[in-house]
Amino acid sequence: MYAWIWRHLPGPWPVRLLIYLVLIAAVVYALFIWVFPWAEDAFNISEVTVG
């Protein structure tokens with residue numbers, strides 16, 4: 001999957017690297033802002049006890 005993304009990015013490798021890092025940052029941002037809060041509410045995983 002990562003090789004497929006790398007092959008389809010435009011430009012020379014420094015531009016590809018910059019675009020790739022922006023894509024990774026966008027995915028991580030989306031996970032922390034929308035997906036993880038939704039999953040916490042949907043699956044009720046906030047009541048975890050250890051011990």
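Aromatic pairs and a nonpolar patch

User: Where is L21 placed?
Analyst: In this predicted model, L21 lies in helix α2.

User: What surface feature does L21 help to make?
Analyst: L21 belongs to a nonpolar surface patch of about 1200 Å². Other members include W13, L17, I24, V28, Y29 and W34.

User: How many aromatic pairs does the structure hold?
Analyst: The count is 4 aromatic pairs. One of them joins Y29 and W34.

User: Why is the pair of Y29 and W34 called edge-to-face?
Analyst: The ring centres of Y29 and W34 are 6.2 Å apart, and the cut-off for a pair is within 6.5 Å. The planes stand at 85°, and over 60 degrees counts as edge-to-face. The pair of Y29 and W34 is therefore edge-to-face. Both residues, Y29 and W34, are exposed.

User: What makes W38 and F43 an edge-to-face pair?
Analyst: For W38 and F43 the centre-to-centre distance is 5.8 Å, set against a limit of 6.5 Å. The angle between their planes is 80°, and the edge-to-face class takes angles over 60 degrees. W38 and F43 therefore form an edge-to-face pair.

User: Why does F43 count as exposed?
Analyst: F43 has 55% relative accessibility, and exposed means over 50%, so F43 counts as exposed. Its partner W38 is exposed too.

User: Where is F43 placed, and what separates F43 from M1?
Analyst: F43 is in helix α2, residues 13-43. The C-alpha atoms of F43 and M1 are separated by 28 Å, with the two residues 42 residues apart along the chain.

Conventions: Residues are numbered from 1 along each chain as its sequence is written. This is a predicted model: local features need pLDDT of at least 70, side-chain atom pairs count only at pLDDT 80 or more; totals for chains, interfaces and linings use all residues. Side-chain values use heavy atoms; hydrogens and water are left out. Rings of Phe, Tyr and Trp (its six-membered ring) pair if their centres lie within 6.5 Å; planes under 30 degrees apart count as stacked, over 60 as edge-to-face and the rest as tilted. Buried means under 20% relative accessible area, exposed over 50%, partly exposed in between (1.4 Å probe, protein chains only). Helices (H or I, at least four residues) and strands (E, at least two) are DSSP runs, numbered from the N terminus. Patches are made of residues with over 30% relative accessible area and no salt bridge: like charges are joined within 9 Å, nonpolar side chains (Val, Leu, Ile, Met, Phe, Trp, Tyr) within 5 Å. Accessible areas come from the Shrake-Rupley method with a 1.4 Å probe; for residues, only the protein chains shown count as cover. A salt bridge is a side-chain nitrogen of Lys or Arg within 4 Å of a carboxyl oxygen of Asp or Glu.
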